[in-house]
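Here's a quick tour of a few packing details worth having in mind while you turn the model around on screen. Have a look at it first, then read on.

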Amino acid sequence: MVTGADVKPLLAVKTPVPSDIDIAQSVEPVHISKIAEAVGLQPNEYDLYGIHKAKVKLNVRERLAGNPDGKYVVVAGITPTPLGEGKSTTTIGLCQALGAYLKKKVLTCVRQPSQGPTFGIKGGAAGGGYSQVIPMEEMNLHLTGDIHAITAANNLLAAAIDVRMFHERTQTDEALFNRLCPADKQGKRKFAPVMLRRLAKLGIAKTDPEELTPEERKDFARLDIDPASITWRRVIDTNDRFLRAITVGKGGEERGQTRDTGFDITVSSEIMAVLALATDLADMRERLGRMVVGNDTKGRPVTADDLGVGGALTVLMKDAIEPTLMQTLEQTPVLVHAGPFANIAHGNSSVVADQIGLKLVGADGFVVTEAGFGADIGMEKFMNIKCRASGLTPDCVVLVATVRALKMHGGGPPVVAGTPLHHDYTTENVGLVTAGCCNLARHIQNALKYGTPVVVAINRFACDTDAELEAVRAAAMEAGASAAVICAHHGLGGAGAVDLANAVVAATAGPKPAFKFLYDVNLSIKEKIETIAKEMYHAAGVEYLPEAEAQIEKYTRMGFDKLPICMAKTQYSFSHDATKKGAPSGFILPIRDVRASVGAGFLFPLVGSMMTMPGLPTRPCFYDIDLDTATGKIVGLS
């Protein structure tokens, strides 16, 4: 067996480690057709987007339907600091180790980064150091335009809502019906195909507009949207705090029909979550059509198909459903697809990318995907939402931990982005690390509840000492991990994750684990919320504020109570209070509100206030980003 001690990096690594963009630009990517050929794609199963990216067609699954699936590995993390603990870097480093050093067939499935953080505080999300997806500039910016397609689709639906209310307020029932179903040159009226969906919803079994009674015409034509119920907002993929609350309709032609609304960041759009959970074009069409934007004055849900726009949304999204093929620094294949928020959405890359990957790598191969934020959020949603949608179940959980984060959980000073670390984080303090390992143990025990083995990846930083790292390894093993491995993939690439790769191979060598969901979706909304709160967060109970109670009653009455739950909670604590570090328990979890993403297929309770449009700091990342006009290269991207 090849071990970390046996290998030398295939990359020309330097110490200290250069900037991410300098490393990324020092390695020339191979033509993406070579990556496609190596992973088993035929030339007619992908479309080139330049020479370093390609869109993979979904019909590859049909050709490979008889192939066994590979091993399915999800990378999660302990409760992070605001600086992040390197989940993306670990995901990519592990795959480089599996493919370039252990010679396993492997495919990485990751989310597409939002341009908000890229130009804001956090920077990009293509990995880091010598474990990156390249070209990292293309991944972190426009890629193949999927996020732009979501922006266009989302805002088309927003425009359809406002204009429908405008026309309903200014026209009689008959005029509205006649304009929705205009007569052709022969004087014949007909319904657009999407209109038949609304007729069926209303229980009107007629397909000829002329056969509708005056009352049926009114019911069909008038949506009577309650403006106060509208939950659909416009989006843009930029951090812009001044768009959080706006007033629309102030132009002179809108006849004073103003409405207070706002913008969210594009990756928080329900359309992004739909993209991530859809299994094919037909499924995406149905999900987009049943997205609920609000309710009518009788309390009935109003959907995108009621507005007649579901088909148009699908047309805008038809190319976005295809994953984008890229490569790592060590020429292992990557599928980049979807990028839903990990708080109000489920924080995982797409179902279709995982399905394609598992068939391509085959029985002896590995698909490694990443779940956003800490395991109490991203991993829990991966298990209970994504796995329900895909029918897939994981063979192993890789849990990323750092000495820095564990010191914070052990009582260390606050870690603040943009502020130098306190000396407790840069000098040895085994006691602080040991005290914080309660957080690691809680995450391991949570993961084991799903019946899946856990391998802990200890992401080594330059100031970590051997004694601190050993304390983490020992605590992980005591908590029930199958293995705990110290990793150096940031500085060494795949060579620094070979021992982690071996541990993953060993953990997945046996029969498929007996997977268990945390809850039955047929439980009531409150029972599902309380199961997550008690089993994952260790809350003593749940408190529902009046607005949440009203929404739970409404969604139960509407028939949405059998959907899984997507908790919208801070990523910085097991509790609702970001200041409570370690492994808090016995608290009461407050549910402020409950909202529905019916198209995506989940309800999301709001635990405290959730920010869906980030702001820019005093010194955003964009200060460092520029173009070298002599070479055409981007500089300063992180």
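## α7 against α13

In this predicted model, helix α7 (residues 146-170) packs on helix α13 (residues 310-317) at an angle of about 165°. Angles over 145 degrees count as roughly antiparallel, so α7 and α13 are roughly antiparallel to each other. Their axes are 9 Å apart, and the crossing is right-handed.

Which residues of α7 and α13 meet? On the α7 side you'll find Ala149, Ile150, Ala152, Ala153, Leu156 and Leu157. Facing them from α13 are Ala312, Leu313, Leu316 and Met317. Sorted by class, that makes 10 nonpolar residues, with no polar and no charged ones in the contact.

## α11 against α12

Now scroll along to helix α11 (residues 270-277) and helix α12 (residues 281-289), whose axes come within 9 Å. They cross at roughly 155°, and α11 and α12 are therefore roughly antiparallel to each other. This crossing, too, is right-handed: α11 and α12, like α7 and α13.

The α11 side of the contact is made by Ile271, Val274, Leu275 and Leu277. From α12 come Asp283, Met284, Arg287 and Leu288. By class, the contact of α11 with α12 has 6 nonpolar and 2 charged residues, and no polar ones.

## The β11-β12 hairpin

Next up is a pair of strands: β11 (residues 292-295) and β12 (residues 301-303) run antiparallel, joined by 3 bridges. If you want a spot to start tracing the pairing, asparagine 295 stands opposite proline 301 in β12.

How many residues lie between β11 and β12 in the hairpin? There are 5. Glycine 299 sits in that turn, and its phi is positive, at about 85°.

## Domains

Zooming out, the domain assignment splits the chain into three pieces you can colour separately. Domain 1 is made of two segments, 20-144 + 319-508. Domain 2 covers 147-311, while domain 3 covers 525-606.

Where do domain 2 and domain 3 lie relative to each other? Their C-alpha centres are 28 Å apart. Domain 2 puts 12 residues into the contact between them, and domain 3 puts in 11 residues.

How values were computed: Residues numbered from 1 in each chain as written. Predicted model: local features only at pLDDT ≥ 70, side-chain atom pairs only at ≥ 80, totals over all residues. Heavy atoms only, no water. Axes fitted to C-alpha atoms, helices over the stretch in contact; angles between N-to-C directions. Helix = DSSP H or I, 4+ residues; strand = E, 2+ residues; numbered from the N terminus. Parallel < 35°, antiparallel > 145°, perpendicular 65-115°, else oblique. Left-handed = near helix turned anticlockwise from the far one by under 90°. Contact = heavy atoms within 4.5 Å. Nonpolar A, V, L, I, M, F, W, Y, C, P; charged D, E, K, R; others polar. Pairing = 2+ DSSP bridges. Domains from an automatic or database assignment.
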